[in-house]
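Let's take a walk through this structure together, one region at a time. Have the coordinates open and follow along.

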Amino acid sequence: MTSQISALNAKPSLDMRQTAFWTVAGGIWLLPLLWIDPTTYLVLTVAGIAMGMLLFLTAVGLTIIFGLMDVLNLAHGAFFAWGAYVGFTVLGGLNSLGWVETGTLGQSVLSVLISLGVALVVGGLWGLVLERLIIKKIYGDHLKQILITVGAAMIMAEIIKVLWGPNQEVMPVPAAFVGSYDIADVVINKFRVAAIAVGAVVYAGVMAVLLKTKLGIIIRAGVENREVVQTLGYNINRIFTGVFAAGAALAAVGGSMWGIFREEINPAMGEENLIFALIVVIIGGLGSVTGSFLSAMMVGLAFNYVAFLMPKLSLGVNILIMAIILLIRPWGLLGKE
């Protein structure tokens, strides 16, 4: 009898939370139409989706490492910054060959793909070294993870200053991605289209690996019970080293894309974007790739709408969204309760 009464009492609460959640989600998409004309709204929406994709590229590695491996990796921003500087060097080298700022469409696309590929490799190597040298010794100790990864991030940022200098640099942008498309008065920056495409491909690729492959099954099983997976003959420690390296590699890809998007890079960009990545991961729910994807879209759209309507509140709105979501669902959009 008591349990039945409890169930009856719980249902309205759950419905109220779901209603509140969908009200927030719908409001982010539709409420701006009350103050913004439809054409401008579409421009801002495309820009918000592109920004969301870039935020997802930044956050996806963090949610994999944080959520699946239970490692508080605050060096994630440093991987991001390294990816941006590696992309800067690669594009600078290809620019001297005439492939970037004066290149053809094919050369522009290849330039971006090569810069992302090199950033992916360098980021993965950094992740491999960091996991083997220090992370593997402190699994399960969050305080040591925070202290050591913050220290690692500072060292990696200093190495950037030594190799590339402490000043801001201008990122070369391939010629095919300069300018905008004009579709029925809706102006869309060309590189934003590329950012949406890359973000969608990365999301589909990560989900396919986690849900459709044997490796993904082993990783998810290892998260639940390492000992059982190890007993079945799989070297779960080596697999988790690969997962950490993959997360770092994805951060580097995000950094390279972000550098081209902003057309400038600086040694502090990793710390600045780490805050956005943490907001996205917390809103989405720890360990949920799809949650991070939805959260990144939400943050990107809200930032662009509010930046247009009330520029001074554009940064604070993301904190406000995080607070509202956590009040409704403390474990995030798609996190485990």
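## Phe308 and helix 11

Phe308 is found in helix 11. The model is a predicted one, and in it Phe308 counts as partly exposed, at 45% relative accessibility. Beyond its neighbours within four places in sequence, Phe308 is in contact with Ile36, Thr40 and Leu44. One of these partners, Thr40, is 268 residues away along the chain, yet the C-alpha atoms of Phe308 and Thr40 are separated by 9.6 Å.

The helix that carries Phe308 is worth a look as a whole. Helix 11 has 21 residues and spans 30 Å from first C-alpha to last, close to the 30 Å expected at 1.5 Å a residue. Helix 11 is mostly covered, with 16 of its 21 residues buried. What caps the N-terminal end of helix 11? Ser288 does, placing a side-chain oxygen 2.8 Å from the backbone nitrogen of Gly291.

## The largest pocket

Ser288 turns up again here. The largest pocket holds about 490 Å³ of space. Its lining is made of 22 residues, and those nearest the centre are Leu68, Leu286, Gly287, Ser288 and Lys336.

Which helices each supply at least two residues of this lining? They are helix 2 (38-69), helix 6 (190-212), helix 7 (214-224) and helix 11 (289-309). By class, the lining of the largest pocket has 12 nonpolar, seven polar and three charged residues.

## The second largest pocket

About 390 Å³ of space lies in the second largest pocket. This pocket is lined by 17 residues, with Gly27, Ile28, Leu31, Val306 and Val317 closest to its centre.

Helix 11 contributes here too: together with helix 1 (2-30) and helix 12 (316-328), helix 11 is listed as supplying at least two residues of the lining. How does this lining divide by class? There are 15 nonpolar and two polar residues, and no charged ones.

## Ile218 in helix 7

Helix 7, one of the helices that line the largest pocket, is the place of Ile218. With a relative accessible area of 11%, Ile218 is buried, because the cut-off for that term is under 20%.

Apart from residues up to four places away in sequence, Ile218 touches Val229, Tyr234, Ile236 and Ile239. For a sense of the spacing here, take Ile218 and Gln230, which are 12 residues apart along the chain: their C-alpha atoms are separated by 9.9 Å.

## Helix 3 and Asn273

Helix 3 covers residues 76-96, so its count is 21 residues, and it reaches 31 Å from its first C-alpha to its last, close to the 30 Å expected at 1.5 Å a residue. Of the 21 residues in helix 3, 16 are buried, leaving the helix mostly covered. Just beyond, helix 3 is followed by Gly98, whose phi is positive, near 85°.

Now turn to Asn273, which sits in helix 10 (residues 269-284). Is Asn273 buried or exposed? Asn273 is buried, with a relative accessible area of 4%. Its side chain reaches the backbone oxygen of Met269 at 2.9 Å. Leaving aside neighbours within four places in sequence, Asn273 is in contact with Thr58, Phe80 and Trp258.

## Ser108 in helix 4

Ser108 lies in helix 4 (residues 105-133). Ser108 is buried, and its relative accessible area is 0%.

What surrounds Ser108, if neighbours within four places in sequence are left aside? Ser108 is in contact with Trp99, Val100 and Gly103, and also with Pro174, Ala175, Ala176 and Phe177.

## The loop at Ala184 and Asp185

The last stop is a loop. Ala184 lies between strand 2 (180-183) and strand 3 (186-189), and Asp185 lies in the loop between strand 2 and strand 3 as well.

Ala184 has a positive phi of about 50° although it is not a glycine. Asp185 also has a positive phi, about 70°, and is not a glycine either. As for accessibility, Ala184 is exposed at a relative accessible area of 68%, and Asp185 counts as exposed at 60%.

Conventions: Residues numbered from 1 in each chain as written. Predicted model: local features only at pLDDT ≥ 70, side-chain atom pairs only at ≥ 80, totals over all residues. Heavy atoms only, no water. Helix = DSSP H or I, 4+ residues; strand = E, 2+ residues; numbered from the N terminus. Buried < 20%, exposed > 50% of the residue type's maximum accessible area, 1.4 Å probe, protein only. Polar contact = N/O pair within 3.5 Å; in protein donor to acceptor, adjacent residues only side chain to side chain. Contact = heavy atoms within 4.5 Å. 1 Å grid on protein atoms, 1.4 Å probe; cavity = no way out; pocket = protein on both sides within 12 Å on 5 of 7 lines; lining within 4 Å. Points joined across faces, edges and corners; volume = space filled by probe spheres on them. Nonpolar A, V, L, I, M, F, W, Y, C, P; charged D, E, K, R; others polar.
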